[in-house]
Amino acid sequence: MALKLKHGYNVKIAMEGQYTLIPFLVEIERDYFELPEHIVADAGYGSEQNNEDILTKRQSTPLITHAHSLHEQKKKTKTNPFHTSNWAYDVTDDSYTCPNNKKVAFVRHTFQNDKAGFQRDFKLYECEDCTDCSFRLDCTKAEAGAIYRQRKIDVEPVFTFLKANLGFTRLNLRGKRKVEHDICLALMAVNLRKYVRRA
């Protein structure tokens with residue numbers, strides 16, 4: 001039996017966020033019909049900005065799971081002592097107790113603008129003393145994991161759109177330079193569609 005090798009290309013893309021739900025709702029109201037009482041969307045659209053817009057400007061009820069809800073429902077997460085949702089909370093002084101039995105108290109509110117320019121209100125908590133804590137790395141590494149999980153929300157829909165909507169399931173040309181032009185044209189189509197929807 002002869003072994004036959006075929007050339008293959010591994011397509012990689014980089015992007016900064018997905019289009020938001022709000023322009024889509026605006027378009028529906030403007031061009032099609034009145035929005036229903038309940039707005040349902042998948043976890044990729046779970047954000048404070050979307051929820052607030054639906055509640056205040058659309059007078060509807062958002063039924064949108066936030067991006068990390070499925071992860072939080074897993075047994076591994078529920079039994080992880082380093083996941084902050086599992087820390088004991090004291091409502092009297094708005095504080096948590098970390099796995100090292102240290103008090104993590106509320107310090108102040110902090111405001112940050114997300115990628116869409118929406119201002120979000122965060123409550124900042126600080127541990128009374130993390131000096132020489134053997135659990136420190138386990139408590140502070142969560143941020144990198146959250147950034148990585150965001151990749152599913154940002155990137156996967158682009159590949160889905162390329163395949164399902166544009167029918168772009170395989171490259172049409174051969175040779176590195178030609179392949180670059182081929183995929184660039186396809187990605188330009190994705191970006192132009194997003195730009196037109198925002199306009």
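This note goes through the fold, cores, one helix pair and several loop residues of a predicted model.

1. Overall make-up. The protein has 199 residues, and 22% of them count as buried. Its secondary structure consists of seven helices and six strands. Taken in sequence order, these elements give the pattern α-β-α-β-α-α-β-β-β-β-α-α-α.

2. Surface and contact range. About 15,300 Å² of the protein is exposed, with 54% of that area supplied by carbon and sulfur atoms. For contacts between residues at least 6 apart in sequence, 46% link residues that are at least 24 apart.

3. The largest nonpolar core. Nine residues form this core: Val158, Phe161, Leu162, Phe168, Leu171, Val179, Ile183, Ala186 and Val190. Two elements each give two or more residues to the core, namely helix H6 (142-165) and helix H7 (176-198). H7 provides the largest share, with four residues. A separate core of eight residues includes Leu21, Leu25, Ile39 and Ala41. As background, nonpolar side chains in soluble globular proteins tend to be buried together.

4. The H1/H2 pair. A pair of packed helices is described by the angle between the two axes and by the distance between them. Here, helix H1 (residues 21-31) and helix H2 (residues 48-56) have axes that come within 9 Å and cross at roughly 25°. Angles under 35 degrees count as roughly parallel, and H1 and H2 are therefore roughly parallel to each other. On the H1 side the contact is made by Leu21, Ile22 and Leu25, and on the H2 side by Gln49, Asn50, Asp53 and Ile54. Sorted by class, the residues of this contact are four nonpolar, two polar and one charged. Leu21 and Leu25 thus appear both in the contact with H2 and among the residues of the eight-residue core.

5. The loop between H2 and E2. Two adjoining positions here deserve a look. Ser60 lies in the loop between H2 and strand E2 (61-64), and Gln59 is found in that loop too. Is Ser60 buried or exposed? Ser60 counts as buried because its relative accessibility is 6%, and the cut-off for buried is under 20%. Setting aside neighbours within four places in sequence, Ser60 contacts Leu35, Pro36, Glu37, Ile39, Ile54 and Leu55. One of these, Ile39, is also listed in the eight-residue core, and another, Ile54, is part of the H1 contact with H2. Gln59, by contrast, counts as exposed, at 61% relative accessibility. Gln59 is not a glycine, yet has a positive phi of about 50°.

6. Asn101. This residue sits in the loop between strand E4 (95-97) and strand E5 (103-113). Asn101 has a positive phi of about 65° and, like Gln59, is not a glycine. With a relative accessible area of 65%, Asn101 is exposed.

7. Cys133. Where is Cys133 placed? Cys133 belongs to the loop between strand E6 (119-127) and helix H5 (136-140). Its relative accessible area is 18%, so Cys133 is buried; the cut-off is under 20%. Lys102 is 31 residues away from Cys133 along the chain, and the C-alpha atoms of the two are separated by 9.9 Å.

Methods:
Residues are numbered from 1 along each chain as its sequence is written. This is a predicted model: local features need pLDDT of at least 70, side-chain atom pairs count only at pLDDT 80 or more; totals for chains, interfaces and linings use all residues. Side-chain values use heavy atoms; hydrogens and water are left out. A nonpolar core is a set of buried Ala, Val, Leu, Ile, Met, Phe, Trp, Tyr and Cys residues joined through side-chain atoms within 4.5 Å. Buried means under 20% relative accessible area, exposed over 50%, partly exposed in between (1.4 Å probe, protein chains only). Contact means heavy atoms within 4.5 Å. Accessible areas come from the Shrake-Rupley method with a 1.4 Å probe; for residues, only the protein chains shown count as cover. Axes are lines fitted to C-alpha atoms, for helices over the stretch in contact, and angles run from 0 to 180 degrees between N-to-C directions. Angles under 35 degrees count as roughly parallel, over 145 as roughly antiparallel, 65 to 115 as roughly perpendicular and the rest as oblique. Ala, Val, Leu, Ile, Met, Phe, Trp, Tyr, Cys and Pro count as nonpolar, Asp, Glu, Lys and Arg as charged, and the others, Gly among them, as polar.
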